Amino acid sequence: MKSLKVVFLGTPEFAKTSLEAIHQSHHKVVGVVTVADKASGRGQKINQSPVKVFAVENNLPVFQPEKLRNPEFLEELRKLDADVFVVVAFRMMPKVLFEMPKMGTFNLHASLLPDYRGAAPINYAVINGEEKTGATTFFINEKIDEGNILLQEEIPVLENENAGHLHDRLMEMGSKLVVKTLDGLAENSITERPQPQVEHPKNAYKIFKEDTRIDWSRTSKEAHQFILGMSPYPAAFTTLKIGEEEKVLKIYGGKFELLNHGKPVGSLEISKNDFKIYTKDGVYYPLELQLEGKKRMNIKDFLNGFRNFEEIKMA
């Protein structure tokens with residue numbers, strides 16, 4: 001089988017797994033493009049992206065341009081004479097870059113396009129209670145996530161599965177799909193096809209802090225799926241009033257029960273054995289949570305941390 005020369009562009013763990021799969025295949029990674037190293041945390045420690053760490057460990061040439069239109073960077077890439085560029089969880093690319101390789105540039109996206117175009121496809125598939133999702137490889141064009149589809153594969157979303165668990169399954173499946181796409185391009189056995197025209201495709205907009213607040217006026221099932229879809233990152237939250245102090249409470253998981261309760265929606269009942277939040281049509285029981293200033297813990301340890309339950313209310 002023909003071996004392709006590949007330039008890989010990506011940053012997080014999700015991308016690293018695809019880079020690793022290409023590196024272990026018979027295709028040749030001739031260059032890796034990733035984000036610049038960043039100082040973070042209290043000690044301003046320099047952090048390298050998972051993609052860079054893997055590339056350095058495996059002696060792959062690494063490029064970390066501040067600007068993707070930088071003429072020197074573009075010239076360096078041209079010299080690599082790659083057949084194809086592969087993009088996984090990177091950033092917006094200028095036309096001058098994605099049109100460079102002779103076979104084009106393809107992207108791995110963690111949804112069944114055209115649904116869930118955007119930055120957070122895995123979160124929204126869980127939030128919306130989808131029964132299935134998947135991954136798509138497609139040629140990049142000037143519109144976000146709208147290029148011609150190469151390959152697509154679906155997997156079921158498991159009951160009570162959170163976004164983190166689904167992310168890991170899609171990461172593994174997606175890495176295999178990337179190699180399969182390279183094989184198909186090498187053998188000229190893939191027919192690219194335009195994305196289906198859907199009047200209202202489901203969106204996966206970037207999630208901001210204000211989007212992660214739990215709306216207890218929704219149904220129990222909707223609140224439950226929202227919490228799972230935000231877990232473990234960026235994490236859904238609500239606000240408690242403890243005495244005179246307001247504190248953010250992140251909830252990572254729980255269970256719910258449907259019942260007619262006649263209680264105010266969003267109200268709370270808490271005791272040493274129980275923590276209930278009333279929804280539109282039932283009760284939600286948080287089981288994994290983190291109070292502002294504390295570490296993440298299970299419900300038993302959380303409740304053991306309080307003496308006076310009378311002073312705890314929903315803010």
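Leaving aside its neighbours within four places in sequence, which residues is Ala 125 in contact with? The answer is Tyr 116, Glu 130 and Thr 133. Ala 125 sits in helix 5, and it counts as buried because its relative accessibility is 1%, under the 20% cut-off. Measuring from C-alpha to C-alpha in the model, Ala 125 is 8.1 Å from Ser 111, and 14 residues separate the two in sequence. Please keep in mind as you read on that this is a predicted model.

## The chain as a whole

Let us step back for a moment. The protein chain holds eight helices and 16 strands. Its C-alpha atoms fill a box of roughly 70 × 50 × 30 Å along the principal axes. Of the 315 residues in the chain, 50% are buried. If you take the contacts between residues at least 6 apart in sequence, 65% of them join residues at least 24 apart.

## Around strand 7, helix 5 and strand 8

One of the contacts of Ala 125, Tyr 116, deserves a visit of its own. Tyr 116 is found in the loop between strand 7 and helix 5. Its phi is positive, about 60°, although Tyr 116 is not a glycine. With a relative accessibility of 4%, Tyr 116 counts as buried. The loop between strand 7 and helix 5 also holds Pro 114, and the peptide bond that joins Leu 113 to Pro 114 is cis, with omega about 15°.

Leu 113 leads us on to strand 8 (residues 132-139), where Thr 136 lies. A polar atom of the Thr 136 side chain is 3.2 Å from the backbone nitrogen of Leu 113. Thr 136 is buried, with a relative accessible area of 0%. Beyond residues up to four places away in sequence, Thr 136 touches a good list of partners, including Asn 107, Ser 111, Leu 113, Ile 149 and Leu 177.

Asn 107 belongs to strand 7 (residues 105-109). Is Asn 107 buried or exposed? Asn 107 is buried, at a relative accessible area of 10%. Its side chain reaches the backbone oxygen of Val 87 at 3.2 Å. Among the residues that Asn 107 contacts, apart from neighbours within four places in sequence, are Val 88, Thr 137, Phe 138 and Asp 145.

Asp 145 is found in the loop between strand 8 and strand 9 (149-156). Phi of Asp 145 is near 55°, a positive value in a residue other than glycine. Asp 145 is buried too, with a relative accessible area of 11%.

Here are the buried residues from this part of the tour, side by side.

| Residue | Relative accessible area |
|---|---|
| Ala 125 | 1% |
| Tyr 116 | 4% |
| Thr 136 | 0% |
| Asn 107 | 10% |
| Asp 145 | 11% |

## Helices 1, 6 and 7

How do helix 1 and helix 6 meet, and at what angle do their axes cross? The axes of helix 1 (residues 13-24) and helix 6 (residues 163-186) come within 8 Å and cross at roughly 35°. The crossing is right-handed. On the helix 1 side, the contact is made by Glu 13, Phe 14, Thr 17, Ser 18, Ala 21 and Ile 22, while helix 6 brings residues including His 167, Leu 170, Gly 174, Val 178 and Leu 182. Sorted by kind, the residues of this contact are eight nonpolar, five polar and two charged.

Helix 6 also takes part in the packing of helix 7. Helix 7 (residues 220-229) is mostly covered, with eight of its ten residues buried; among them are His 224, Phe 226 and Leu 228. The buried residues of helix 7 pack against helix 5, helix 6, strand 10 (236-242), strand 11 (245-258) and strand 14 (282-291). In the loop between helix 7 and strand 10 you will find Pro 232, which a cis peptide bond joins to Ser 231, with omega about 0°.

## A cluster of rings

Finally, the aromatic rings: the count comes to five aromatic pairs. Phe 302 and Phe 306 form an edge-to-face pair, because their planes are at 65° and their centres 5.2 Å apart. Phe 302 is buried at 4% relative accessibility, and Phe 306 is buried at 18%. Phe 306 also pairs with Phe 309, and this pair is tilted, at 6.3 Å centre to centre and 50° between the planes. Phe 309 is buried as well. Ring pairs link Phe 275, Phe 302, Phe 306 and Phe 309 into a cluster.

Technical notes: Residues numbered from 1 in each chain as written. Predicted model: local features only at pLDDT ≥ 70, side-chain atom pairs only at ≥ 80, totals over all residues. Heavy atoms only, no water. Axes fitted to C-alpha atoms, helices over the stretch in contact; angles between N-to-C directions. Helix = DSSP H or I, 4+ residues; strand = E, 2+ residues; numbered from the N terminus. Left-handed = near helix turned anticlockwise from the far one by under 90°. Contact = heavy atoms within 4.5 Å. Nonpolar A, V, L, I, M, F, W, Y, C, P; charged D, E, K, R; others polar. Buried < 20%, exposed > 50% of the residue type's maximum accessible area, 1.4 Å probe, protein only. Polar contact = N/O pair within 3.5 Å; in protein donor to acceptor, adjacent residues only side chain to side chain. Phe/Tyr/Trp six-rings, centres within 6.5 Å; stacked < 30°, edge-to-face > 60°.
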